[in-house]
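Hi,

Here is the structure I promised to pass on. Have a look at it first, and then read my notes below.

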Amino acid sequence: MSLSATLTGHDIDKSFGGLKALSKFSFEVKAGEILGLIGPNGSGKTTLFNLISGLFHPDSGKIEFEGANITHESPHLIASLGVARTFQIVRPLRDLDLIENVAIAVVYGRNGISQMQVARAKAFEILEFTGLSHRARRYPGELALEDLKRLEVARALASNPKVLLLDEVFAGLNPKEISTAIELVYKIKETYRVAIIMIEHVMKAIMTACSRVIALHHGVKLCDASPMDVANHPEVIRAYLGAGYAGN
Amino acid sequence: MKSDQFSSTNSNRLYQMIIPIVLVGLALFPFSEPPVYFISFVFWIFLYVCLSSSWNLIGGYAGYLSFGHVAFFGIGAYATAMFGKIFSLSVSLTLLGTIPAGLIASLIAIIVGYPCLRLRGPYFAVITLCFAFVSQLTVKNLEILGGADGLWLKTMDVSVEINRTIFYELMLALTSVTVLVSFLVGRSKFGAGLRAIKEDEEVAQTMAVNAPRLKITAFALSAFFPGVAGGIYACYLSYIHPDVVFDVNMSILQVLMALFGGASSWIGPVVGAVSLTVVNEGLSTFVKAELARIIYGCLFIVVIVFMPNGILEFFSRRTKRIDN
Ligand SMILES: Nc1ncnc2c1ncn2[C@@H]1O[C@H](COP(=O)(O)OP(=O)(O)OP(=O)(O)O)[C@@H](O)[C@H]1O
Ligand SMILES: [Mg+2]
């Protein structure tokens, strides 16, 4: 493990009843890096985000953020340190408009402020950045899925994170929307210098955006390499396509 | 981007003009020599505005429907009464005891809230209701608090009119402070955090909202004003009984009033409390008590079914639609 790593996990185990969602899983991610996380359905990707953000706690193993042990910390503390996430199934605050949704993350996030008016102005900037400013006074119920995914990203960004966990923000988008979204992720990395972990099924997004990819299968890490190497890794191909295809 | 895009300066200015006028008018009302009956009627309106506005801090903003809030009213009443009794104080000095009584109510809210606020939805509602029953039974069975006989307080040596006027003004002051606090909380970072908790507590936490601390703060604050109100009420009646100051109907009424007016803003509980108290009084004056209850109940059902966000939002949405 290198000292400059922002977020690291060591030998994380997590079971639900008899089901091992993650076993002996380790990872690290640094500032300015986009790490891809792939794996078939149910392989434990979202579980990893739930563990990092403190919604669940691992059975064993350790999660460290900037050298501090956050394994058993509460979600609000982890978030205030600068670890922000999006939800795979979008979870906007439905009775609040977009500005309020984002402004709450601004006031409570890392280096939060107390002035709601100032926070709203900042929230508007973030909505502009994520391409939602024309919907600023709309309610989540009036938005299409694409925009709700953007709202998830906007809200996560608003808390001024050092690590950004993106859970399938491209799922359900059409190819054109995916291209725009990939640009957005790049822009985020360049503008905010965050470390990003990106869960994705859309291979195009993984191949173009990520500098490194981890593949998971049944909670076990198959490999941790460049996007090209992961895509050609026999075990990854087997995990996705079945045993018959491997080695061909 | 215009700087006033995110503020409602116009409505603020309107409030700034109207509110002082209304308050001065209300404060002067008893001096226009109305029938004593009216003074005590408006006293009751103030009391319910205070109760439903403070309930709204936890129940409306944070969405934790406390059905046992009358307990804090009762605790405040008994704390004030005991304060006066132990130090054998005059009524005016006993009234000073309403502030520590409010603080005691807040302290108990913190102790009770710590475990209870981990429960959500109906579980929280039921456990707070139980808390109110347990408090009532406890007071009933404690000889030192007068038990089932209740407690007598000293009375003021003044005419009924003056007596009523004094308590009217006291309750007006307390209610104004309560509504002001509710208004300020609603616009603050604290209020925004509570709203996030109401919408989705888990998401709020991942947005770095310290939900446990915010909830307990809101609960303690929402117990303080009923505590003080209970103290004022005890001095007003000069006799308190567990069945009266721990009356579960009162608990339910303050919830209904806040929901009736609309629990997501500071003005909702004010409108709800004023209108329901007036309707209730009107009904019980002009029709038989049982019939009044039935009409009252039906009215409430209609509002909950057709206007789930309260009458204010219902009407403001309609006017918006007409504008468009
Ligand atoms: N709260 C939970 N309780 C019980 N089982 C759970 C829970 N969360 C996840 N699981 C199980 O753990 C396994 C991993 O789930 P997870 O959501 O992490 O998968 P995923 O890789 O994100 O899949 P997908 O690509 O479908 O989103 C699944 O078998 C899932 O059913
Ligand atoms: Mg998932």
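Let me start with a question: leaving aside its neighbours within four places in sequence, which residues is A223(B) in contact with? They are F72(B), A105(B), S106(B) and A109(B). Keep in mind as you look that this is a predicted model.

A bit more on that spot, since we're there. A223(B) sits in helix α10 of chain B, which covers residues 211–237. Count the other C-beta atoms within 10 Å of A223(B) and you get 31; 20 or more is enough to call a residue buried, so A223(B) is buried. There is also a nice long-range link here: A223(B) and F73(B) are 150 residues apart in sequence, yet their C-alpha atoms are 7.9 Å apart in space.

Chain B as a whole

Chain B has 15 helices and two strands. Its radius of gyration is 20 Å, close to the 20 Å that the globule rule gives for 324 residues, so chain B is as compact as a globular protein of that length. If you want a feel for the dimensions, the C-alpha trace spans about 65 × 50 × 40 Å along its principal axes. Of the 324 residues in chain B, 47% count as buried. As for how the chain comes together, take the contacts between residues at least 6 apart in sequence: 79% of those in chain B join residues at least 24 apart.

How far to trust chain A

Over to the other chain. The mean pLDDT of chain A is 90, and 95% of its residues score at least 70. Among its elements, helix α3 (residues 98–108) has the highest mean pLDDT, at 97, while helix α9 (residues 234–241) has the lowest, at 82. As a rule, predicted coordinates should not be read in detail where pLDDT is low.

The open sheet in chain A

Chain A has an open sheet of four strands, in the order β2-β1-β4-β5, with antiparallel pairing. Its edge strands are β2 and β5 of chain A, each of which pairs on one side only. Here is how some of the strands line up:

- β1(A) (residues 7–16) and β4(A) (residues 60–65) run antiparallel and are joined by five bridges. H10(A) has K62(A) as its bridge partner in β4(A), and D13(A) has S60(A).
- β4(A) also pairs with β5(A) (residues 68–69), again in the antiparallel sense, over two bridges. Here F65(A) stands opposite A68(A).
- The hairpin of β4(A) and β5(A) has two residues between the strands, and E66(A) takes a positive phi near 50° there.

The parallel strands around β8(A)

All five residues of strand β8(A) (residues 195–199) are buried, so this strand is largely enclosed by the rest of the structure. A195(A), I197(A) and I199(A) point one way from β8(A), and I196(A) and M198(A) point the other way. β8(A) has parallel pairing with β3(A) (residues 34–38), over four bridges, and with β7(A) (residues 163–167), over five bridges. To find these pairings on screen, look for G36(A) with its bridge partner M198(A), and for L165(A) with its bridge partner I197(A).

Around ligand 1

Which residues are around ligand 1? The list is F16(A), L19(A), A21(A), G39(A), N41(A), G42(A), S43(A), G44(A), K45(A), T46(A), T47(A) and Q88(A). By class, the shell has three nonpolar residues, eight polar and one charged. Strand β2(A) (19–29) and helix α1(A) (45–52) each supply at least two residues of that shell, and α1(A) has the largest share, with three.

Where the two chains meet

The contact between the chains takes 28 residues from chain A and 21 from chain B. On the chain A side, the elements that give two or more residues are α2 (75–81), α3 and α4 (116–129). Helix α3(A) gives the most, with six residues. Sorted by class, that side of chain A has 14 nonpolar, eight polar and six charged residues. You may remember α3(A) from above as the element of chain A with the highest mean pLDDT.

That's the tour. Shout if you'd like to go through any of it together.

Cheers

Definitions and conventions
Residues are numbered from 1 along each chain as its sequence is written. Chains are lettered from A and ligands numbered from 1 in the order in which they are written. This is a predicted model: local features need pLDDT of at least 70, side-chain atom pairs count only at pLDDT 80 or more; totals for chains, interfaces and linings use all residues. pLDDT is the predictor's confidence in each residue, from 0 to 100. A residue is near a molecule or strand if its C-beta atom, placed from the backbone, lies within 6 Å of it. Ala, Val, Leu, Ile, Met, Phe, Trp, Tyr, Cys and Pro count as nonpolar, Asp, Glu, Lys and Arg as charged, and the others, Gly among them, as polar. The radius of gyration is taken over C-alpha atoms; the globule rule is 2.2 Å times the number of residues to the power 0.38. A residue is buried if 20 or more other C-beta atoms lie within 10 Å of its own, exposed if 12 or fewer, and partly exposed in between; C-beta atoms are placed from the backbone. Two residues are in contact if their C-beta atoms, placed from the backbone, lie within 7 Å. Two strands pair if DSSP finds at least two bridges between them.
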